[in-house]
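Please work through the exercises below with the sequence and the coordinates at hand. Each task is followed by a solution in steps.

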Amino acid sequence: MAGLWASMRAPLRWALKWLGRGLLAAVAALLALVVLFSFVNPPTTLTIWSEAHRLGSVDHEWTPVEEIAPVMLRSVVAAEDANFCLHWGFDMRAIRQALDEGAGRGASTLSQQVVKNVFLWQDRSWLRKALEAMITPVVEVVWSKRRILEVYLNVAEFDEGVFGINAAAFRYFRTSPERLSPRQAALLAAILPDPKGRSAAKPSQFVLRKASQIVDGAETILRDGRADCFE
């Protein structure tokens, strides 16, 4: 038995050494991508790539944040992460509230959603959540809040095969991102949690109510300073 263990130790040490090197290389590559994407636009995401493969093509064109109406930025913050300017990637108050209310309520910040959309995949596995929790603080340190919103709005899904605010503004309203009105911006923000099940062109009563709340919320965060970090 001792001889068998002795014969296995060298291959085991070799395997662990290369496993460690592989993990370090993966971490280094990921950190390099986080830094790179702070000033270079991600060419695609796993979701966009997989949908393009499934559908044959997708509608996606990058729009710089300077060419997106400020009300669109405020609307998505009001809809998805009202304390965006106040947290470092995790909204602890929202997490506690979600735990109190149960699994039906989400608590992901825009920063977490960007990490998921750009660097990871969509399913709700514990591995993905763990990686998301590790990467999110790094993105918060390296990227500005304005950059986080810019990337989010350019990779988010707004309908089947429709990715990014440029494609969404044209698909639903035949306009450009910089010309979006407060109501149009609110309607687009309202469909983000369920882009395949909701429509900004033919909104349900639920979407209309949600959009109305978002219009009010966008005005509120402008008045009380919660938009200062990205405007």
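The exercises concern a predicted model and proceed from the whole chain to single residues.

**Exercise 1. Determine how many helices and strands the chain has, and state the order in which they follow one another.**

Step 1. A count of the elements gives 10 helices and three strands.
Step 2. Reading along the sequence, one obtains the pattern α-α-β-α-α-α-α-α-β-β-α-α-α.

**Exercise 2. Characterise the burial, the surface and the contacts of the chain as a whole.**

Step 1. The chain has 231 residues, and 42% of them are buried.
Step 2. Its accessible surface amounts to about 12700 Å², with 60% of that area belonging to carbon and sulfur atoms.
Step 3. Consider the contacts between residues at least 6 apart in sequence: 66% of these join residues at least 24 apart.

**Exercise 3. Describe how helices α3 and α7 are arranged, and identify the residues that form their contact.**

Step 1. Two quantities are required, since a pair of packed helices is described by the angle between the axes and the distance between them.
Step 2. For α3 (residues 70–80) and α7 (residues 145–155), the axes come within 11 Å and cross at roughly 90 degrees.
Step 3. Angles of 65 to 115 degrees count as roughly perpendicular; α3 and α7 are therefore roughly perpendicular to each other.
Step 4. On the α3 side, the contact involves Met 72, Leu 73, Val 76, Val 77 and Glu 80. On the α7 side, Arg 146, Leu 149, Tyr 152 and Leu 153 take part.
Step 5. Sorted by class, the residues of this contact comprise seven nonpolar, no polar and two charged.

**Exercise 4. Locate Gly 217, decide whether this residue is buried or exposed, and relate its position to that of Val 76.**

Step 1. Gly 217 belongs to helix α10, which spans residues 205–223.
Step 2. The relative accessible area of Gly 217 is 18%. The cut-off for a buried residue is under 20%, so Gly 217 is buried.
Step 3. Val 76, one of the α3 residues in the contact with α7, is 141 residues from Gly 217 in sequence. In space, the C-alpha atoms of Gly 217 and Val 76 are 9.8 Å apart.

**Exercise 5. Establish the surroundings of Asp 91.**

Step 1. Asp 91 is placed in the loop between α3 and α4 (92–101).
Step 2. With a relative accessible area of 11%, Asp 91 is buried.
Step 3. Once neighbours within four places in sequence are set aside, Asp 91 contacts Asp 81, Asn 83 and Thr 109.
Step 4. The side chains of Asp 91 and Asn 83 are joined by a polar contact of 3.2 Å.

How values were computed
Residues are numbered from 1 along each chain as its sequence is written. This is a predicted model: local features need pLDDT of at least 70, side-chain atom pairs count only at pLDDT 80 or more; totals for chains, interfaces and linings use all residues. Side-chain values use heavy atoms; hydrogens and water are left out. Helices (H or I, at least four residues) and strands (E, at least two) are DSSP runs, numbered from the N terminus. Buried means under 20% relative accessible area, exposed over 50%, partly exposed in between (1.4 Å probe, protein chains only). Contact means heavy atoms within 4.5 Å. Accessible areas come from the Shrake-Rupley method with a 1.4 Å probe; for residues, only the protein chains shown count as cover. Axes are lines fitted to C-alpha atoms, for helices over the stretch in contact, and angles run from 0 to 180 degrees between N-to-C directions. Angles under 35 degrees count as roughly parallel, over 145 as roughly antiparallel, 65 to 115 as roughly perpendicular and the rest as oblique. Ala, Val, Leu, Ile, Met, Phe, Trp, Tyr, Cys and Pro count as nonpolar, Asp, Glu, Lys and Arg as charged, and the others, Gly among them, as polar. A polar contact is a pair of N or O atoms within 3.5 Å; within protein, one must be able to donate a hydrogen and the other to accept it, and residues adjacent in sequence count only if both atoms are side-chain atoms.
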